[in-house]
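Here is an informal walk through a two-part topic: how the pieces are laid out, and what holds them next to each other. Have the viewer open as you read.

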Amino acid sequence: MCGIVGLFLKDKSLEPELGSLLSSMLVTMTDRGPDSAGIAIYGGANGNKAKITIQSASPAKDFDDLEHDLRRALDAPVSVEVKSTHAVITLAKDKLDEGRAALATLRPDVRVMSSGDAIEIYKETGLPKDVISRFGVSSMSGTHGIGHTRMATESAVTTLGAHPFSTGSDQCLVHNGSLSNHNNLRRELVREGMTFETQNDTEVAAAYLTAEMAKGKDLGEALTGALSDLDGFFTFVVGTKSGFGVVRDPIACKPAVMAETDRYVAFGSEYRALVNLPGIEDARIWEPEPATVYFWDHEKAA
Amino acid sequence: MPVFDLSVTSLREFNSMLHSLAAGANDTAFEVVNPRGHHAVAVGIDAPVTVDIKGSVGYYCAGMNDGGNVTVHGSAGPGVAENMMSGTVVIEGDASQYAGATGQGGLLVIKGNAASRCGISMKGIDIVVHGNIGHMSAFMGQSGHLVVLGDAGDALGDSLYEAKLFVRGSVKSLGSDCIEKEMRQEHLEKLAELLDKAGVSGVRPEEFKRYGSARKLYNFNIDNADAY
């Protein structure tokens, strides 16, 4: 199984509620997968700053004095906000690469969950309600977000095996299903220069999309390519800095329901996940078609 | 009429009540409010009761129905009326995948669209869909009737046995061993009866095409003996 939720806001007045809406949706999906949970939330992009979300197995040691150490290494303003096992580093956008390099030297055991202008990813083993309260997701605001609760099949139940997976700047992907050609595809992507943290099939799908977009495709085009290059069962929900996409494999046995109103586009593995959204009674509700790419983008919106 | 509010009453309590109704009970009509996508609403009915569900339901609504009349005033999740034995299930909205799967009898009416695998392995159920159906519908259907007023998706009737399929619109593709067949008088009569039972008006049986099994997959052909 696995449960997926996603929310892409059109109405800016809903942005302060993104975290709480998404949290409630994800908790409803708990019985689809109690192994681990994660959330990607997009917000706060201002054009000049970049964010790196990091995770540590020993946060007390790794996060202690990290802000100070990074400021000294970069000779630039850096802020570090610690949230349980994760921390969000905010720094000037033109210092992002330098910052990531410094981080790798200063704190080699720390794992980067995501980096970009807008994205933050929080994920851990455990139930959605515990993961959400641990990171204070309910109080977060943002423009769009994706949540996942996992029932592991293809790799171990670990923090890094949890979804969302992020393999490129401001990109993330969550998956319900299983891929059967991920080993071959991983080998090809490694040859193209992609790096992998896990043996997980979903990470390969995320890296595939990142690699395709690096070649110049937009998210919609990359998802169309995934339909022919990925073998297996999948319902994917993906996020980019300003976009939100959904695609199901041609067999489409992994469930999906979507709802759209003037205020938002929402995704749920089941309709249950959507029932608390404002105005759901009057929303257009449909099941995404098999092998069809659905894609919304704040920047491309009229 | 007793009303069960699923935001207050537990689903188990409601379903248990349905299962424990004694023969000749006075209350045989029930209303369910706030189903909110709950799974397994009104499964296992084995008495001639009427259940009106005011809203959308999740997985397996009205599964194994034997004699009940269930109406969903909303949409239904996967596996609605799965393995129905007898009775009637009406979905006012859309139905997700494998609606009416393995159904052995009764009538399932879907007023919106049905997703993939509608009527998969049907064994005697009659299904009438006012809208379209998705891919792999009636896969390995053994008996019963699937009537579609709209279009059918890919691989309709793949590996079909003796279920009879009637489609008014287009068929994206036929599955293995499924072919278009001649519409004879007996089929027109059956179709007229099913349309009437499903409350369809203004649609003539002559507007449909009939599809069925070419009977090449499930009948042993002695010429193929070497292949075994």
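## Between the chains

A salt bridge here is a side-chain nitrogen of Lys or Arg within 4 Å of a carboxyl oxygen of Asp or Glu. By that rule, the interface of chain A and chain B has zero salt bridges. Keep in mind that this is a predicted model.

So what does the interface have? In terms of contacts, 14 residues of chain A meet 13 residues of chain B. About 950 Å² is buried between chain A and chain B, and carbon and sulfur atoms give 45% of that area. On the chain A side, the residues that lose the most area to chain B are A:Tyr271, A:Arg272 and A:Glu287, together 41% of what that side buries. Polar contacts are there too: the count between chain A and chain B is ten residue pairs, both residues at pLDDT 80 or more.

B:Gln97 is a good place to zoom in. You'll find B:Gln97 in the loop between β5 (86-91) and β6 (107-110) of chain B, and it is buried, with a relative accessible area of 3%. From chain A, B:Gln97 is in contact with A:Ala252, A:Cys253 and A:Glu287. Its contacts within chain B include B:Pro78, B:Gly79 and B:Arg117. With B:Arg117 there is also a side-chain to side-chain polar contact, at 2.9 Å.

## The annotated domains

For chain A, an unreviewed UniProt entry places "domain: Glutamine amidotransferase type-2" at residues 2-299. Over residues 2-299, chain A is 27% helix and 31% strand, with the end C-alpha atoms 30 Å apart.

For chain B, UniProt (again an unreviewed entry) has "domain: Glutamate synthase alpha subunit C-terminal" covering residues 49-188. Over residues 49-188, chain B is 3% helix and 31% strand, and the end C-alpha atoms are 31 Å apart.

## Salt bridges

Side chains of opposite charge can pair when their charged atoms come close. Over all chains, the structure holds 29 salt bridges. One of them joins A:Asp69 to A:Arg107, with the closest N and O atoms 3.0 Å apart. A:Asp69 lies in helix α3 of chain A and A:Arg107 in the loop between α4 (96-106) and β6 (111-116), so the pair ties together parts that are 38 residues apart in sequence. A:Asp69 is buried at 15% relative accessible area, and A:Arg107 is buried at 10%.

A:Arg272, which turned up at the interface, also forms a salt bridge with A:Glu270, their closest N and O atoms being 2.7 Å apart. Both A:Arg272 and A:Glu270 are buried. They belong to a salt-bridge network that links A:Asp31, A:Arg32, A:Glu270 and A:Arg272. Over in chain B, B:Lys197 and B:Glu193 meet in a salt bridge at 4.0 Å, N to O. These two are about one helical turn apart, because they sit four residues apart in helix α2 (residues 185-197) of chain B. B:Glu193 is partly exposed, with a relative accessible area of 37%.

## Cysteines

How many disulfides does the structure hold over all chains? Zero. For A:Cys2, the nearest cysteine sulfur is that of A:Cys253, 12 Å away. A disulfide needs the two sulfur atoms within 2.5 Å, so that spacing rules out a disulfide for A:Cys2. A:Cys2 counts as buried, at 5% relative accessibility.

B:Cys178 is likewise in no disulfide, and the nearest cysteine sulfur, that of B:Cys118, is 14 Å away. B:Cys178 counts as buried at 5% relative accessibility.

## Two helix residues in chain A

Is A:Val204 buried or exposed? With a relative accessible area of 0%, A:Val204 is buried. It is found in helix α7 (residues 201-214) of chain A. Beyond its sequence neighbours up to four places away, A:Val204 touches A:His182, A:Leu185, A:Arg186, A:Leu189 and A:Phe196. A:Val204 and A:Leu179 are 25 residues apart in sequence and 9.1 Å apart in space, C-alpha to C-alpha.

A:Arg72, in helix α3 (residues 66-74) of chain A, is exposed, with a relative accessible area of 62%. The C-alpha atoms of A:Arg72 and A:His148 are separated by 37 Å, with their positions 76 residues apart along the chain.

How values were computed:
Residues are numbered from 1 along each chain as its sequence is written. Chains are lettered from A and ligands numbered from 1 in the order in which they are written. This is a predicted model: local features need pLDDT of at least 70, side-chain atom pairs count only at pLDDT 80 or more; totals for chains, interfaces and linings use all residues. Side-chain values use heavy atoms; hydrogens and water are left out. UniProt positions are given in the numbering used here, feature names are shortened, and annotations may be inferred rather than shown by experiment. Buried means under 20% relative accessible area, exposed over 50%, partly exposed in between (1.4 Å probe, protein chains only). Contact means heavy atoms within 4.5 Å. Buried area is the accessible area (1.4 Å probe) that two parts lose on being put together, summed over both. A polar contact is a pair of N or O atoms within 3.5 Å; within protein, one must be able to donate a hydrogen and the other to accept it, and residues adjacent in sequence count only if both atoms are side-chain atoms.
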